[in-house]
Amino acid sequence: MSELPPEETTAAPAPPPDPFEDWQRLDPKAVIASTALVLAPMFPIVAIMAVSDENSGRTLATVGVMLGVVVLTLVGSWLNWYFTRFRVTAERFELREGNISRSFRSIPRERVRSVDLTAPVVHRLLGISVVKIGTGQKAGNDELKLDAISTARAEELRRLLLRPRAGTTSEGVPPPVTGSGEETGTEELARIRPVWYLYSTLTASLLLFTWAAVGSALSTLSDVFRTLWAADTATDWLSDTAASVWAHVPLWAVVVAAVVTVLLGGLLGALAFSLEMWWGFRLTREGDATLRVRRGLLTTRAVSLERRRLRGVELAEPMLLRLAGGSRLTAVATGLEHGETSGRSDNKVLLPPAPRGVAGRIGALVLDRSGTLEDGTPLRVHPRVALRRRLSRVLLPAMLLAAALAVAAHQSGAVPWWSWLVPLGAALPASVLAWDAYRNLGHGHRDEYLVTRYGTGVKRTVLLQREGIIGWRISQSPLQRLTGLLTVSATTAAGNGYYSVRDAGTEQGLSFAESCVPGLLSPFLEKNSDFTSESGDSPDGTSHERTTKRTDHP
Amino acid sequence: MIDVGGTEGGVRLRPPRHRVARRAVLWWSCQAASRVVVLLAAVGFGAWWSPFPNRALVIALIVLGVLGIGYVAVMPWWRYRVHRWETTDSAVYTAAGWLSREWRVAPMSRIQTVDTARGPLQRALGLSSVTVTTASAAGPLTIDGLERDVAADLAERLTRTTQATPGDAT
């Protein structure tokens, strides 16, 4: 925890064999932290009112209301603190909480899959951390949250809960105190390089995020101006100057200036965000059991991931980042909810956007493979029909739209005559994307992993442990049947739940599935050259049952 | 391990061995018919209520009616020919769909739960659905329209087999 402030190590009283055996309280400073969060935004409001408002009565009333809120928060969080207790017994983690409605939760210690430490700014100043204990249950409300305990004890708790059960004999030895993470068995796999911040500014979502933030900040600012009665003069002056300047400047210059401002502003903002998110990033392996990601400038986050839950990794390359030769690395692990739905997608991040080669190397390190993720047999290409499918998916709608617009333009004057050119013009870049989507398709296996690659907006390469495949889902749409393609999905308990090889050739896909998990699919496969004449998959089952020939693949 | 991607022979997925109950056709027909009736009623209501006498709506109604009758006539039989299931000592295998098909395979060792479910219509027809779930979030295997006894048998057999397999099935 080099990023966290040094911590008083007196927090754990006498270290008995297991320091969390008795019922524990949260750190009382948690009360201060939650009150401070409520209090902080009030200062500027009160300050502005004090400066601007002539009506001191109203100011006083507002201050009174705010004080009330603060007192309520104080009492509420104190009650919360008072009634929350937890303990760690030999088998279970137990948590009592609630003042009005009491709750008691008890979780077997083997079920604890992740222990994440987060410290927002205020928490950090006070030297406390929020501890989230994940049990990997899909049902909601699965997360146990301790807000907050002192950082050193949080670190201790994390180590205790994630210690492999076989190693419980060593519990008598108190773990090396302080969360420095420098104890034996910790191996650093990756550490951020300054250039990587630039890579992470290249993700489009960050750019958008920046502008959303700027927008809301500007509206707040204008509110402040209005309150200060400065609005009229300031905005008048601004708009006057702007008008006088812009009157003499050609339109294209204005447009260029606007675009440059938006891009530059977005980039700078994105840079700031990526600094906040990735500052001090370190990926470490602790012993053989856990991977650990630590990062954050203002809010520090420390996410632990049990290695036995790891089923693979995913390299994601959003288009902008891909053009710069960068890539993001995330874990495919059981017990982490889907990123899209839970909003906690950042708990599976293994590496910030980084050069592709680095991501590949670190990915291989994480999976205990030698070299890089790209090592091994090259991926298999999908049939050309898959390209035709992608092209026609883009071109047919464009043609149809163009034809419809042309007809409409011919019939009535409401549609400009050139409108049919627009979809045709858009078809060109779209077919480039379709070509790219086809080129990115690929599958194969490397060592113990299934590899699939797809996507153009975000190109993804997934390595999934073949051991982790718990079934197959093979689908074929009517069009795919006509063209001899199918989609093979390996279902798994980890990550998205399934990873697909899209639009593979029928035979290619099936034998790939068979070779990934030998023996699972083979009883249901038949190999016979007669079938090549019998096109497609006729629904007539009886004839199949007669001609069934099972071939057990060597 | 076989050579992947070669063009030798022609590997294909054979359909599972067992069909579902023939009565399932009736069940799917009822479902299809009710869907078509609701759709036609909605469109017909629209045609009747629209302030101007709308020939287009009437034509749409006729087209929809013809399509709907075709759907009710064809889909259940087609589906009946596609829907199949099979269990071996090591795996469960199902095929489903009609226009688009989907085949699912789950090894016995990874099965977590086996559920039997019967809706009111299925109960009236003496049918059951058996759903086999694994630890994956991506879709359980469902066999619709089984004979009630067959379903009960199957569920029991699967439960017994999966209980015999150790491990947490992930």
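These exercises, with worked solutions, use the predicted model shown above.

**Exercise 1. A helix pair in chain A**

Task: Work out how helix H1(A) runs relative to helix H3(A), and which residues bring them together.

Solution:
- Step 1. Locate the helices. H1 of chain A covers residues 29–39, and H3 of chain A covers residues 56–83.
- Step 2. Take the geometry. Their axes come within 9 Å and cross at roughly 155 degrees.
- Step 3. Apply the cut-off. Angles over 145 degrees count as roughly antiparallel. H1(A) and H3(A) are therefore roughly antiparallel to each other.
- Step 4. Add the hand. The crossing of H1(A) and H3(A) is right-handed.
- Step 5. List the contact. H1(A) brings A:Val31, A:Ser34, A:Thr35, A:Val38 and A:Leu39. H3(A) answers with A:Val69, A:Val70, A:Thr73, A:Leu74, A:Ser77, A:Trp78 and A:Trp81.
- Step 6. Sort the residues of the contact of H1(A) with H3(A). Eight are nonpolar, four are polar and none is charged.

**Exercise 2. A second pair in chain A**

Task: Repeat the analysis for helices H13(A) and H14(A).

Solution:
- Step 1. H13 of chain A spans residues 384–411, and H14 of chain A spans residues 421–440.
- Step 2. They pack at an angle of about 170 degrees, with their axes 9 Å apart.
- Step 3. So H13(A) is roughly antiparallel to H14(A).
- Step 4. Among the contact residues of H13(A) are A:Leu387, A:Leu391, A:Val394 and A:Leu395. Those of H14(A) include A:Leu424, A:Ala427, A:Trp435 and A:Tyr438.
- Step 5. By class, the contact of H13(A) with H14(A) has 18 nonpolar, one polar and two charged residues.

**Exercise 3. Chain B and its record**

Task: Describe the pair H1(B) and H2(B), then look at what UniProt lists as "transmembrane region" in chain B.

Solution:
- Step 1. H1 of chain B covers residues 23–49, and H2 of chain B covers residues 55–82. Their axes are 9 Å apart, and they pack at about 170 degrees.
- Step 2. H1(B) and H2(B) are therefore roughly antiparallel to each other.
- Step 3. The contact of H1(B) with H2(B) divides into 18 nonpolar, five polar and two charged residues.
- Step 4. Turn to the record. An unreviewed UniProt entry lists residues 24–49 and 55–74 of chain B as "transmembrane region".
- Step 5. Check the model over these spans. Residues 24–49 of chain B are 100% helix, with end C-alpha atoms 37 Å apart. Residues 55–74 of chain B are also 100% helix, with end C-alpha atoms 28 Å apart.

**Exercise 4. A sheet shared by two chains**

Task: Give the strand order of the seven-strand sheet and find its edges.

Solution:
- Step 1. The order is E20(A)-E19(A)-E18(A)-E5(B)-E4(B)-E3(B)-E2(B). The sheet is open, and the pairing is antiparallel.
- Step 2. E20 (498–505) of chain A and E2 (18–19) of chain B each have a single partner strand, so one side of each is left without a neighbour in the sheet.
- Step 3. Zoom in on one pair. E4 (residues 91–97) and E5 (residues 101–107) of chain B pair over seven bridges. B:Val92 has B:Ala106 in E5(B) as its bridge partner.
- Step 4. Add the helices. H2(B) packs on the sheet and touches E2, E3, E4 and E5 of chain B. Its direction makes about 160 degrees with that of E4(B). H16 (residues 506–516) of chain A lies across E18, E19 and E20 of chain A, at about 140 degrees to E20(A).

**Exercise 5. A four-strand sheet**

Task: Which strands stand at the edges of the sheet E1-E2-E3-E4 in chain A?

Solution:
- Step 1. This sheet is open, with antiparallel pairing.
- Step 2. E1 (24–25) and E4 (103–108) of chain A stand at the edges, each with a single partner strand.
- Step 3. Two bridges join E1(A) to E2 (residues 85–88) of chain A. Here A:Gln24 stands opposite A:Phe86.
- Step 4. H5 (residues 151–162) of chain A lies across E1, E2 and E3, at about 45 degrees to E2(A).

**Exercise 6. Two backbone exceptions**

Task: Where are A:Ala148 and A:Asp368, and what marks their backbone?

Solution:
- Step 1. Recall the rule. Most residues other than glycine have a negative phi, and most peptide bonds are trans.
- Step 2. A cis peptide bond joins A:Asp147 and A:Ala148, with omega about 5 degrees. A:Ala148 is in strand E7 (residues 144–150) of chain A.
- Step 3. A:Asp368 has a positive phi, near 65 degrees. A:Asp368 sits in the loop between H12 (356–366) and H13 of chain A.

Terms used. Residues numbered from 1 in each chain as written. Chains lettered and ligands numbered in written order. Predicted model: local features only at pLDDT ≥ 70, side-chain atom pairs only at ≥ 80, totals over all residues. Heavy atoms only, no water. Axes fitted to C-alpha atoms, helices over the stretch in contact; angles between N-to-C directions. Parallel < 35°, antiparallel > 145°, perpendicular 65-115°, else oblique. Left-handed = near helix turned anticlockwise from the far one by under 90°. Contact = heavy atoms within 4.5 Å. Nonpolar A, V, L, I, M, F, W, Y, C, P; charged D, E, K, R; others polar. Pairing = 2+ DSSP bridges. UniProt positions renumbered as here; feature names shortened; annotations may be inferred.
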